[in-house]
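Visitor: I have a fold open on my screen and would like to learn to read it piece by piece. Could you walk me through it?

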Amino acid sequence: PNLKKDRRAFGRAISELGTFISDIADRNGVVLMPVFALGRTQEILGVLHELGQRGKIPPLPVYISGLAHAICRIYDATRHDSVRRRPSICLEELYESVFEPGRVDDPNLLKRPSILADPSGMMYPNTTSNVLAGQVLPDPRHGIAFVGFLDPDSPGHRVAAADVGDQVDLGRENGASIEIGCSVRSFDFTAHSRASQLIQLVREINPKRVVLVHGDDEAVHALHRSLENEGWSSIVAEPGVVVEI
């Protein structure tokens, strides 16, 4: 049941992203999509390809970063060596070109509808996505689509939580805030398993001990209690503390 629910949620996220991109393209705008170079970029390229094939978005040029390009080449080189849903897809054929940092100030970059899938996903200062956000945010033609996790202390989180007309701080040295004029939307493309899925994985693997090393404190300890209640030996690893397994 949880798997079916997750698939439905993922399908809704794809559909909503398609509508958002089409709306921005209709007003001759650019969609800035802060992404992580490993994993999320490749997934989003597949999503954009699917939306294009279904006619849900117009044919738009897609630009990615140099690091994401390098990782896409690795994905393509190994697509027949591991289980893939669609191994025939070559990621390098799904984007028009690689976005180089030197183009970040190019005024022509935002003149025609396109999709800029660019790290960093959090919009931290001194990254191209942060610089581009400064150009995209004030302009009502454009849009920003968040498709990944945002640290509460990151500029990306502040942008995602703000409304049109709000002033947002991108964390730059000059400290100047920018008024939001563009459309901003977050989409649920979570890459994390649910607690129930993690517990099911433990059941299938049947380990002697489970060490929990990552996640919010509340969620980690809740999972720890659930595993202990089911009879599994579970340890919550603390930073800097050696754990013997």
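**Reading the fold, one feature at a time**

Guide: Let's start with N126, which is exposed, with a relative accessible area of 76%. Keep in mind that this is a predicted model.

Visitor: What is the phi of N126?

Guide: The general idea comes first. Most residues other than glycine have a negative phi. N126 is not a glycine, yet its phi is positive, at about 65°. You'll find N126 in the loop between β4 and α4.

Visitor: Which other residue has a positive phi although it is not a glycine?

Guide: Look at M123, where phi is also positive, about 65°. M123 belongs to the loop between β4 (114–118) and α4 (128–136).

Visitor: Is M123 buried or exposed?

Guide: M123 is buried, because its relative accessible area is 0% and the cut-off for buried is under 20%. N126, at 76%, is exposed.

Visitor: On to the sheet, then. How should I read the way its strands pair?

Guide: Strands of a sheet pair through backbone hydrogen bonds, either parallel or antiparallel. Here you have an open sheet of six strands in the order β3-β2-β4-β1-β5-β8, with parallel pairing. Its edge strands are β3 and β8 (183–186), each of which pairs on one side only. From one strand to the next, the twist averages 25°.

Visitor: Which strands does β2 join through bridges?

Guide: On the one hand, β2 runs parallel to β4, joined by three bridges; V62 has I115 of β4 as its bridge partner. On the other, β2 is joined to β3, again parallel and by three bridges, and there Y63 has S97 as its partner. For a pair that includes an edge strand, try β5 and β8, which pair in the parallel sense over four bridges. F146 finds its bridge partner in S186 of β8.

Visitor: Which residues cover the two faces of β2 with buried side positions?

Guide: Strand β2 spans residues 62–65, and both of its faces are covered. V62 and I64 lie on one side, Y63 and S65 on the other, and all are buried.

Visitor: Which helices should I look at around β2?

Guide: Helix α2 (residues 40–53) lies across β1, β2 and β4, and runs at about 175° to β2. Helix α3 (residues 66–77) packs on the sheet too, touching β2 and β3, with its direction at about 95° to that of β2.

Visitor: How many of the residues of α4 are buried?

Guide: Seven of its nine, so to speak of α4 as mostly covered is fair. The buried set is T128, S129, N130, L132, A133, G134 and V136. These buried residues pack against β1 (30–34), β3 (97–99), β4, β5 (143–146), α5 (155–161) and β7 (177–179).

Visitor: Last one: how do I describe two helices that pack together?

Guide: Two packed helices are described by the angle between their axes and the distance between the axes. Take α6 (residues 195–205) and α7 (residues 217–229): they pack at an angle of about 40°, and their axes are 11 Å apart. The two helices are therefore oblique to each other. The crossing of α6 past α7 is right-handed.

Visitor: Which residues make that contact?

Guide: From α6 you have A195, L198, I199 and V202, and from α7 L223, S226 and L227. Sorted by type, the residues of this contact are six nonpolar, one polar and no charged.

Note on methods: Residues are numbered from 1 along each chain as its sequence is written. This is a predicted model: local features need pLDDT of at least 70, side-chain atom pairs count only at pLDDT 80 or more; totals for chains, interfaces and linings use all residues. Side-chain values use heavy atoms; hydrogens and water are left out. Axes are lines fitted to C-alpha atoms, for helices over the stretch in contact, and angles run from 0 to 180 degrees between N-to-C directions. Angles under 35 degrees count as roughly parallel, over 145 as roughly antiparallel, 65 to 115 as roughly perpendicular and the rest as oblique. A crossing is left-handed if the near helix is turned anticlockwise from the far one by less than a right angle, and right-handed if clockwise. Contact means heavy atoms within 4.5 Å. Ala, Val, Leu, Ile, Met, Phe, Trp, Tyr, Cys and Pro count as nonpolar, Asp, Glu, Lys and Arg as charged, and the others, Gly among them, as polar. Buried means under 20% relative accessible area, exposed over 50%, partly exposed in between (1.4 Å probe, protein chains only). Two strands pair if DSSP finds at least two bridges between them.
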